[in-house]
Amino acid sequence: MSEILIVYHSQSGNTKRMADAVAKGVESIEDCIAIVKEAFDTSLKDIISCNGLAIGSPEYFGYMAGAIKDLFDRTYESARGRKEIFRKPYVVFISAGNDGRGALSSIKRICTGYQFKMVYDPVIARGGVNEEILTRCEMLGKVIAAGCEARIY
Ligand SMILES: Cc1cc2nc3c(=O)[nH]c(=O)nc-3n(C[C@H](O)[C@H](O)[C@H](O)COP(=O)(O)O)c2cc1C
């Protein structure tokens, strides 16, 4: 049984739609459970107890959303050096108006500090979320769930 935590922030719904598509992908894999949580409601316990992590953020001012940064700010010191998070598989999905690179690179940089391991290419939606993006998010969920379940990461 593998649990994938999908932690996200969304104001106008784009990142939430992506999170739901990732969850659909996770749940399509046998014995895998998606736990979808708003970043402000997420704790270090959630990060420790999941088998894999999908992080979703809008890009705000060329950076990740403050809510995602808040999660990192609240958990980093206590997480540091804990064996349960070492090389924890993770994936990222970003919703942006026209860019998204700043949000992605800031998340990747901090995840390097946690020693998480990125296991699939990030998905960046620009200018809204369409069917192609949702399909790619679903694939993101399938890949991380199937890999965790097969213990390949
Ligand atoms: C305060 C604010 C700052 C933003 N800054 C950027 C930005 O720097 N680059 C960008 O491409 N889009 C930017 N956007 C657009 C959002 O990233 C985009 O609308 C995103 O899809 C919103 O996600 P949501 O629907 O999940 O809230 C900004 C939006 C807001 C509200």
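Leaving out neighbours within four places in sequence, Tyr90 is in contact with Gly52, Leu53, Ile55, Cys111, Phe116, Lys117, Met118 and Val119; contact here means that two C-beta atoms, placed from the backbone, lie within 7 Å. This is a predicted model, where local features need pLDDT of at least 70, side-chain atom pairs count only at pLDDT 80 or more, and totals for chains, interfaces and linings use all residues. Numbering starts from 1 along each chain, following the sequence as written.

Tyr90 sits in strand 5, residues 89-96. Tyr90 counts as buried because 26 C-beta neighbours fall inside 10 Å. For reference, buried takes 20 or more other C-beta atoms within 10 Å of a residue's own, exposed takes 12 or fewer, and partly exposed is in between, with C-beta atoms placed from the backbone. Tyr90 also has Leu140 at 9.9 Å, C-alpha to C-alpha, although 50 residues separate the two in sequence.

Now zoom out to the whole chain. It has five helices and seven strands, which are DSSP runs numbered from the N terminus (helices are H or I with at least four residues, strands E with at least two). Read from the N terminus, the order is β-α-β-α-β-β-α-β-α-β-β-α. Of the contacts between residues at least 6 apart in sequence, 83% join residues at least 24 apart. Buried residues account for 42% of the 153 residues.

What about overall dimensions? The C-alpha atoms fill a box of roughly 40 × 35 × 25 Å along the principal axes. The chain's radius of gyration is 14 Å, which agrees with a compact globule, because 153 residues would then give a value near 15 Å. That radius is taken over C-alpha atoms, and the globule rule is 2.2 Å times the number of residues to the power 0.38.

Back at the N-terminal end, strand 1, helix 1 and strand 2 form a right-handed β-α-β unit: with the strands pointing away from the viewer, the path from the first strand over the helix to the second runs clockwise. Strands 1 and 2 run parallel and share seven bridges, where pairing requires DSSP to find at least two bridges. Ser2, for one, has Cys32 in strand 2 as its bridge partner.

Helix 1 covers residues 14-27, and its end C-alpha atoms are 20 Å apart, which agrees with the 20 Å expected because it has 14 residues at 1.5 Å each; strictly, the expected span is 1.5 Å times one less than the number of residues. Its buried residues include Met18, Val22 and Val26. The buried residues of helix 1 pack against strands 1, 2, 3, 5 and 7 and helix 5.
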